[in-house]
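Biologist: Hello! I would like a close look at one part of this model, and then a walk through whatever else helps to place it.

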Amino acid sequence: MSSIGTGYDLSSTTYSPDGRVFQVEYASKAVDNSGTAVGIRVSDGVVFGVEKLLISPMLLHGSNRRVSTIGRHIGVASSGLVADARALINRGNQEANAWKSTYGEEISVKVLTERLASFAQVYTLYGGVRPFGCALLLGSWTEAAGPQLYMIQPSGEAYGYFGVAVGKGKAACKTDIEKLDLESMTCEEAVVEIAKMIHSVHDSDKDKEYELELSWVCRASGGRHQLVPAELRDSALAIATAESSDDDSSSDDD
Amino acid sequence: MQRTQQPIVTGTSVLGIKFDGGVMVAADTLGSYGSLARFRDLRRVRQAGEYTLLGGSGDYMDFEAMLEYVDELLLEDTTLDAPPSYTPRELHQYLARIYYNKRSEFDPLWNQLVVGGVRDGDVFLGYVDLQGTHYEDETVATGYGSYIARPLLREAYRDDLTEAEARKVLEDAMRVLFYRDARTINRIQIGVATEAGGIDISEPFELETDWTVGIRKH
């Protein structure tokens with residue numbers, strides 16, 4: 001890497017001569033190296049899927065979740081350094097509580113995204129701190145605003161998306177998402193698509209085991225962020241594995 | 001700082017009774033401003049979490065503040081894997097701690113609360129007030145109801161009271177309160193908690209009244 005040894009990457013207070021802040025780019029690397037996280041905005045809600053790479057076969061199933069909830073109505077899928085993501089999500093919960101006690105209604109995912117992005121951005125300005133090594137996907141569904149999906153990067157940038165993917169398999173997932181007809185798709189269909197995507201981008205040679213985390217905020221869940229029901233998750237996973245083994249056998253024939 | 005206060009908009013009696021397999025809580029929908037019948041649609045029987053009924057008399061603002069405290073507690077407890085786990089019994093104790101703490105700061109939440117619910121076969125009915133006094137019983141009443149309605153509830157209570165019988169007991173007691181308490185209206189709500197049915201709080205409905213009882217026949 002060209003940044004190493006130049007002295008321009010030692011602090012996020014220093015620009016490189018061509019105008020880059022290498023500490024922020026390193027933080028983005030932490031995100032690119034983590035398990036894939038996908039968020040899709042469809043007609044009746046937002047669906048999240050995370051490829052949670054397991055560091056040990058002895059981990060309790062469902063531990064160290066990488067999907068979490070802010071308030072009750074905003075879903076968050078994280079990628080990158082899990083501990084950094086948790087710190088950002090805790091801040092998100094504080095913001096959501098403060099908003100609720102001041103205005104008596106739930107914070108919108110748009111406002112929350114802006115505030116968290118500003119919070120993350122501050123960590124790119126000072127010598128004593130480092131940028132957050134994580135990206136967050138935030139989604140919600142309300143009757144008034146419909147489905148909404150945002151992504152916050154370590155730089156403090158945040159954008160709204162129809163579909164977004166981060167982590168190791170983001171490139172392949174993005175091409176898959178672009179092929180989908182998101183306007184007419186339902187959350188139940190999106191769950192299957194995400195399971196397929198994550199299963200196909202998982203590199204079983206490099207990474208051993210993974211756990212698929214699937215969650216949604218949608219009309220069916222009453223605007224609350226919930227894990228996708230176990231039966232639906234299992235059937236989606238079954239479809240995904242069946243399809244990939246079909247691909248394997250056909251490629252063997254060639 | 002002078003913090004000792006007085007109730008402003010108030011709700012009158014709340015009644016609660018256990019029956020075989022559940023609990024029932026009743027209150028009218030009047031918000032009084034002193035003796036003025038100011039608000040006619042204040043809902044004072046509420047749900048907290050998945051399993052608990054909360055009925056509140058006394059200051060309505062403080063009642064709403066209490067609901068927010070409870071909601072914050074339940075929010076902290078919300079995880080993706082399980083619904084909020086607080087039992088009615090635990091919420092009753094939590095509220096008693098809050099109310100005792102607030103009275104100790106000379107800044108009480110000016111309420112008398114009825115807490116009821118069922119969780120894992122444990123049918124619970126309890127009382128909490130602005131001093132932090134709290135207890136559990138088969139029947140509970142607040143305000144004027146603790147003088148007028150509570151003896152009626154005690155008399156009517158049996159272990160094997162059915163839901164329909166309990167409803168009749170509460171409606172009759174609410175009717176007596178409507179006749180004798182000058183801070184009521186005959187528009188009430190009844191909340192029911194059972195293991196199977198969860199929480200069901202009725203829309204407000206009117207009690208039939210018969211005033212001929214007080215008319216002198218010549």
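In which sense do strand β4 and strand β5 of chain B pair, and over how many bridges?

Modeller: Happy to take you through that hairpin; please keep in mind that this is a predicted model. In chain B, strand β4 covers residues 31-33 and strand β5 covers residues 36-39. The two pair in the antiparallel sense, over 3 bridges. To find one of these pairings on your screen, start from B:Tyr33, whose bridge partner in β5(B) is B:Leu36. The hairpin has 2 residues between the strands, and B:Gly34 takes a positive phi near 65° there.

Chain A offers another antiparallel pairing to look at. Strand β4 of chain A (residues 74-80) is joined to strand β5 of chain A (residues 134-142) by 6 bridges. Here A:Gly80 is the residue to look for, as it stands opposite A:Cys134 in β5(A). Both strands belong to an open sheet of 5 strands in chain A, with the order β3-β4-β5-β6-β7 and antiparallel pairing. At the edges of this sheet lie β3 (67-70) and β7 (158-160) of chain A, each of which pairs on one side only. From one strand to the next, the twist averages 25°. As a general guide for following side chains, in a regular strand they alternate between the two faces of the sheet.

One last stop in chain A is residues 8-30, where UniProt, in an unreviewed entry, places the feature "domain: Proteasome alpha-type subunits". Over residues 8-30 of chain A, the chain is 39% helix and 0% strand, and the end C-alpha atoms are 19 Å apart.

Conventions. Residues are numbered from 1 along each chain as its sequence is written. Chains are lettered from A and ligands numbered from 1 in the order in which they are written. This is a predicted model: local features need pLDDT of at least 70, side-chain atom pairs count only at pLDDT 80 or more; totals for chains, interfaces and linings use all residues. Side-chain values use heavy atoms; hydrogens and water are left out. Two strands pair if DSSP finds at least two bridges between them. Helices (H or I, at least four residues) and strands (E, at least two) are DSSP runs, numbered from the N terminus. UniProt positions are given in the numbering used here, feature names are shortened, and annotations may be inferred rather than shown by experiment. Axes are lines fitted to C-alpha atoms, for helices over the stretch in contact, and angles run from 0 to 180 degrees between N-to-C directions.
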